[in-house]
Structures are given as C-alpha cells and as structure tokens.
Amino acid sequence: MLSRCLALAPLPLILAACAPTDPAARADADAARTPAVKVLGAGQNCIDRSQVRATVVRTDQVIDFEMNGGKVYRSTLKNRCPGLGWDRAITYETSINQLCTQQIVYSLTNIGGIPQRGAGCSLGEFVPVEYVKTSKD
C-alpha cells in the first residue's frame, strides 16, 4: 500500500521527505553547496541585468550572480525561500535593466517538462565577493 501511495505522490514531495529537517543537518548541507567567499566591498542595492552571465542558486537563501568580466555578487535572502535550494533555478519579471534589493524572484520548478513558478521571495543586498579556494578545490 505504501509503495502505491508513493507512486501517486508528486516527486518533489517524495524528495522533500529526504531533505534534512534538523537545523544543524540543513546548515551542514547548505554549507557544502555554498563555496566560501571573501567579501570585496559593501553591498549594493542593484546590479545590471544585462551583465549577469550566470545565476547560481546555492541554497534556499543564497544566490550568486556571476557577471561578465568575472565579478560575483552574492545575495542572501532575509528568509528561506521554499523549494529554491532544491529546484536551483529562478525566474523574475522586471521592466528595468536592473535587479534590485527587494526584487521578487520565484523558484522555477520543472514538472513533467513544464517550467512552473514556485514560491516568491525578495532578494537581499548584492555583496561583491570572490570565491576562496580551499584545500578541497
């Protein structure tokens, strides 16, 4: 009976059951997916969208914006964004060529090959950072 129930449950729900629920275990899992950085300066309110080369979702709360020319800005959301760390993709709508603090981004979930918008969360400051090489790298 249990296997029949699992077969009918949506895959994200099944996989969410495997995610760490203990805060310490979640923090360890997040740390493993978030490379250490050196902060290079004060955070800023906006970045130029046209200069974003890649958006790397690290966790439910951390997104790195890798820019043309090698700069990296890390945005730490004020609150966890459900599903963001699992789906690791975002979408957003803006009428200007900037991404700014408080901009709402949505986790982007692929369900049966169809992208669907998930939870909406606001971006934090864009802090210029540099990835730090560790002995593991």
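Read from the N terminus onward, the elements of the chain follow the order α-α-α-β-β-β-β-β-α-β-β-β-β-β, which amounts to four helices and 10 strands. The model is a predicted one, and the values reported here were computed from it. Of the 137 residues in the chain, 25% count as buried, and the chain exposes about 8700 Å², of which 56% is supplied by carbon and sulfur atoms. When contacts with a separation of 6 or more are considered, residues 24 or more positions apart account for 54% of them.

Among the strands, E3 (residues 52-57) and E4 (residues 62-67) pair in the antiparallel sense, and five bridges are found between them. The connection from E3 to E4 is a hairpin that passes through four residues. Within this pairing, Val 56 has Asp 64 of E4 as its bridge partner. As a general point for reading such a pair, side chains in a regular strand alternate between the two faces of the sheet.

A search of the whole structure for disulfides finds two. One of them is formed by Cys 46 and Cys 100, whose sulfur atoms lie 2.0 Å apart. This pair links distant parts of the chain, since Cys 46 belongs to strand E2 (residues 46-48) and Cys 100 to strand E7 (residues 98-100), with the two positions 54 residues apart in sequence. The link of Cys 46 and Cys 100 is right-handed, with 110° about the S-S bond. As for accessibility, Cys 46 has a relative value of 22% and therefore counts as partly exposed, whereas Cys 100, at 17%, counts as buried; the cut-off that separates these two classes is 20% relative accessible area, with buried residues under it.

The other disulfide joins Cys 81 to Cys 121, again with a distance of 2.0 Å from S to S. Here too the pair links distant parts of the chain: Cys 81 is placed in the loop between strand E5 (72-76) and helix H4 (84-87), while Cys 121 is in strand E9 (residues 114-122), and the two cysteines are 40 residues apart. The link of Cys 81 and Cys 121 is right-handed, with 90° about the S-S bond. Cys 81 has a relative accessible area of 0% and is therefore buried, and Cys 121, with a relative accessible area of 9%, is buried as well. If the bonded cysteines of the chain are numbered in sequence order, the pairing of the two disulfides reads 1-3, 2-4.

A further position examined was Thr 94, which is found in the loop between strand E6 (90-91) and E7. With a relative accessibility of 25%, Thr 94 counts as partly exposed. The side chain of Thr 94 reaches the backbone nitrogen of Ile 96 at a distance of 3.4 Å. Once the neighbours of Thr 94 within four places in sequence are left aside, the residues in contact with Thr 94 are Arg 49 and Gln 103. Thr 94 was also compared in position with Ile 104: the two residues are 10 residues apart in sequence, and their C-alpha atoms are 9.2 Å apart in space.

Methods: Residues are numbered from 1 along each chain as its sequence is written. This is a predicted model: local features need pLDDT of at least 70, side-chain atom pairs count only at pLDDT 80 or more; totals for chains, interfaces and linings use all residues. Side-chain values use heavy atoms; hydrogens and water are left out. A disulfide is a pair of cysteine sulfur atoms within 2.5 Å. Buried means under 20% relative accessible area, exposed over 50%, partly exposed in between (1.4 Å probe, protein chains only). Contact means heavy atoms within 4.5 Å. A polar contact is a pair of N or O atoms within 3.5 Å; within protein, one must be able to donate a hydrogen and the other to accept it, and residues adjacent in sequence count only if both atoms are side-chain atoms. Two strands pair if DSSP finds at least two bridges between them. Accessible areas come from the Shrake-Rupley method with a 1.4 Å probe; for residues, only the protein chains shown count as cover.
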